[in-house]
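Here are a few notes to help you find your way around this one. Have a look at the sequence and the fold first, then read on.

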Amino acid sequence: MEHKIAIIGFGGMGHWHYDLIQKIDDLSISGIYDIDEKQQKDAEDKGLRVYKDLDELLDDQRSDLVLVATPNDLHKKLSILSLESGKNVVCEKPAAISSVEVQEMIDAANCTGKFLTIHQNRRWDQDYKMVRDLIKTDKLGGLWRIESRVHGSIGIPADHWRQFQEHGGGMVLDWGVHLFDQITQMFRGEKIKKVYAALTHVTNLMVDDGFTVELTMESGVVALVEAGTSNFISLPRWYVLGSEGTAEIKNFAQKGEIVCARGNGADDVMPVLTAAGPTKTMAPRREENIHREELPLIESDIREFYQNVMRVIEGKEESLIKMTEVKRVMQLMEAVFESGETGEPVYFES
Ligand code: NAD
């Protein structure tokens with residue numbers, strides 16, 4: 001079955017979707033609407049129809065799907081208007097700027113009987129899939145800590161709505177939404193008991209330009225989730241600790257490495273000399289007492305996102321990205337803001 005999508009917001013991410021849609025069978029673009037003349041001209045140059053206003057886009061009976069790819073504060077309004085016009089909706093992340101708004105979007109989807117999902121595309125990242133699959137095995141022994149970080153050094157892009165709270169800016173909503181979504185997917189079915197957050201304002205006072213968040217799971221596993229925009233040396237993307245071994249993945253889409261204990265060589269270490277004296281406790285194991293293994297890159301195909309969207313509309317599949325999951329992540333981000341503001345942990349229990 002053929003589907004047509006109308007794009008609202010043809011900026012950076014609108015263009016990314018344009019490129020992706022070219023590679024997807026049975027999906028094409030009916031046209032775009034953007035308030036920026038430069039983006040309108042660019043769409044025309046690509047041979048796309050440019051709607052003169054939102055009503056024209058919503059009235060176009062050729063499209064059965066709308067993509068909302070505008071700044072975050074407009075997601076709720078544009079998604080609900082699209083649903084009420086009889087369209088199915090893919091909305092960019094974060095779904096909205098509060099869990100109350102997300103619930104209004106869910107209510108509109110239920111009321112109209114139309115399909116609504118959020119583009120949580122980082123569920124297809126290779127580094128994430130590598131770690132997700134690793135922790136399903138017992139290769140590291142009992143998992144006790146997982147650290148997920150993204151570090152950049154240019155602050156929040158200066159010329160953008162991303163710097164303003166009223167537009168839903170800041171790194172929690174921008175990158176946190178991906179990182180918390182990944183962690184909650186990895187620990188599906190497990191409650192998060194405690195949220196403890198510190199937000200940074202190194203380059204920006206109006207919104208957070210970074211955060212460090214500790215999530216304590218029901219099982220006791222701690223997940224540290226961090227984004228930084230003033231980090232001139234990046235820490236590894238993932239650092240995973242089990243009772244028998246450690247895994248590290250340095251960056252997006254890079255092979256990972258596992259180092260595990262081999263045999264009983266715990267005491268057989270060469271002390272490390274420090275200025276204050278030798279230490280055995282902090283010395284590395286000898287090579288013969290460890291086992292190193294590369295984690296292979298995992299194939300990933302982001303086209304699956306739209307293929308799933310089309311099959312859901314046709315009634316053939318369940319959505320890969322469910323609004324209940326999206327709302328829980330939004331509630332988690334609200335707990336992050338609360339803890340960041342008060343300096344106290346939030347007992348989340350969800
Ligand atoms: P952007 O500023 O590059 O593009 C936004 C576009 O929306 C602009 O062209 C702007 O003119 C247009 N716009 C603003 N108000 C509008 C309105 N009322 N009607 C129609 N168009 C309007 O921003 P971006 O980087 O493309 O981000 C857009 C959305 O995509 C955000 O929600 C962002 O969080 C999300 N995003 C997602 C990912 C991802 O990996 N999933 C990556 C980047 C951005």
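The points below go from the whole chain down to one set of paired strands.

1. Before anything else, keep in mind that this is a predicted model. The chain's secondary structure adds up to 9 helices and 16 strands. Its radius of gyration is 23 Å, close to the 20 Å that the globule rule gives for 350 residues, so the chain is as compact as a globular protein of that length.

2. For a feel of the dimensions, the C-alpha atoms fill a box of roughly 75 × 45 × 40 Å along the principal axes. Of the 350 residues, 37% count as buried. If you take the contacts between residues at least 6 apart in sequence, 68% of them join residues at least 24 apart.

3. The domain assignment splits things into domain 1 (3–119) and domain 2, which is made of the pieces 123–255, 296–300 and 331–347. Their C-alpha centres are 28 Å apart. Where the two touch, domain 1 puts in 8 residues and domain 2 puts in 9. The domain 1 side of that contact is a mix: 3 nonpolar, 3 polar and 2 charged residues.

4. Now zoom in on strand 6, residues 143–151. Which strands does it pair with? One is strand 10 (residues 238–242), antiparallel to strand 6 over 5 bridges; here Glu147 has Tyr239 as its bridge partner. Another is strand 9 (residues 222–228), which runs parallel to strand 6 over 7 bridges. On that side, Arg149 is bridged to Glu226.

Definitions and conventions
Residues are numbered from 1 along each chain as its sequence is written. This is a predicted model: local features need pLDDT of at least 70, side-chain atom pairs count only at pLDDT 80 or more; totals for chains, interfaces and linings use all residues. Two strands pair if DSSP finds at least two bridges between them. Helices (H or I, at least four residues) and strands (E, at least two) are DSSP runs, numbered from the N terminus. The radius of gyration is taken over C-alpha atoms; the globule rule is 2.2 Å times the number of residues to the power 0.38. A residue is buried if 20 or more other C-beta atoms lie within 10 Å of its own, exposed if 12 or fewer, and partly exposed in between; C-beta atoms are placed from the backbone. Two residues are in contact if their C-beta atoms, placed from the backbone, lie within 7 Å. Domain bounds come from an automatic or database domain assignment. Ala, Val, Leu, Ile, Met, Phe, Trp, Tyr, Cys and Pro count as nonpolar, Asp, Glu, Lys and Arg as charged, and the others, Gly among them, as polar.
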